[in-house]
Amino acid sequence: MSEINLGIIGAGGIAKEHLKVIHSLRTVNLIGITSRTLSKAEELAKTFHIQNIYNSVDDLTNKCALDGVLVLVSADQIYNVGKKLLPLGVPTFLEKPPGILLNETQSLAELADKHGTKNMVGYNRRYYSIFHKGQKIIENEGNLLGLEVEGHERFWRISDRSITQKVIENWIYVNSTHTIDLLRFFGGEVENINTLTKRIKEKKGDQFVASMEFKSGSLGTYRSHWYSPGGWSVTLFGDGVTVKYNPLEKGVYIDTNLKEHQILPDQVDIKFKPGFYRQMENFISLIRTGSLNHPGVDLSDSIMTMRLAEMFVHA
């Protein structure tokens with residue numbers, strides 16, 4: 001099997017987690033890296049045996065014969081980098097969010113479509129092994145009757161960090177779409193939705209409650225209170241079984257005797273950041289075959305998640 005030559009754009013903490021996975025894949029060759037902070041790129045190149053360090057995105061793409069490229073920069077830079085890359089036609093992985101605003105993501109999707117560029121967006125939680133096992137447990141007993149997602153943000157911490165104002169103002173797209181996307185991952189597409197939004201401090205809202213019906217017929221709820229201590233969780237309601245993830249990285253199912261049973265993650269979700277290994281396998285498959293397998297999300301599909309987020313903002 002021929003090697004895949006990958007280029008890396010970005011050298012922060014998330015890039016390091018991706019590189020741990022890529023470095024373990026025998027058929028992948030890391031041929032170049034670039035970052036706004038070259039010292040960080042040099043450090044990662046040394047750790048993960050990346051062949052070349054480049055001063056810019058243009059240098060990387062002009063001087064490397066790339067089979068694929070990963071955009072792992074900060075949230076407010078992904079859109080600008082994506083605009084440069086997508087016209088090149090090289091299969092592209094973009095960390096989430098591809099655009100801070102819906103129209104930015106739409107613009108990238110149009111570019112990818114125009115140039116026939118295969119692409120993938122990094123919603124890594126779709127690849128959690130415990131999520132897929134929980135779905136199977138529900139399916140073995142019947143249908144998914146309902147689901148509940150809680151996406152509380154610890155926003156009092158976020159506002160104190162060195163994050164741009166644009167990112168803070170659009171946090172529902174930047175970060176909350178992780179949990180909003182889980183509505184679609186578990187429930188499918190939403191057919192009817194009722195949303196309520198309140199604003200304590202944030203212009204676009206910081207308290208969100210929604211009830212919905214999916215096309216499958218199952219029901220769902222979403223709650224998010226950004227200034228109230230809490231975290232992210234999912235509950236799946238099946239016929240005679242309930243599956244709980246609280247936090248998302250730990251799963252249990254409850255039977256009709258009210259007995260709890262652990263759902264254990266696969267080894268790759270213990271060794272690496274959960275979801276990252278199978279997510280990268282899917283991207284490599286996309287490069288080789290030209291097709292994105294379930295549960296992958298491309299730019300066009302990520303628009304659906306951002307539109308769902310829009311319904312909370314404009315409630």
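**Strand pairing, packing and cores in a predicted model**

User: What makes S7 and S11 a pair of strands?

Analyst: Strand S7 (residues 144–151) and strand S11 (residues 232–238) run antiparallel and are joined by 7 bridges, and since strands (E, at least two residues) are DSSP runs numbered from the N terminus, as are helices (H or I, at least four), and two strands pair if DSSP finds at least two bridges between them, the two qualify. Leu-147 has Leu-236 in S11 as its bridge partner. The model is predicted, so local features need pLDDT of at least 70 and side-chain atom pairs pLDDT 80 or more, while totals for chains, interfaces and linings use all residues. Residues are numbered from 1 along each chain as its sequence is written, and side-chain values use heavy atoms, without hydrogens and water.

User: Why are S8 and S14 called edge strands?

Analyst: In the open, mixed sheet of 8 strands, ordered S8-S9-S10-S7-S11-S12-S13-S14, strand S8 (190–198) and strand S14 (260–263) each pair on one side only.

User: How do you know that H5 has close to its expected span?

Analyst: The expected span is 1.5 Å times one less than the number of residues; helix H5 (residues 102–115), with 14 residues, reaches 20 Å from its first C-alpha to its last, close to the 20 Å expected.

User: Which residues of H5 are called buried?

Analyst: Buried means under 20% relative accessible area, with exposed over 50% and partly exposed in between (1.4 Å probe, protein chains only); the buried residues of H5 include Leu-102, Glu-104 and Leu-108.
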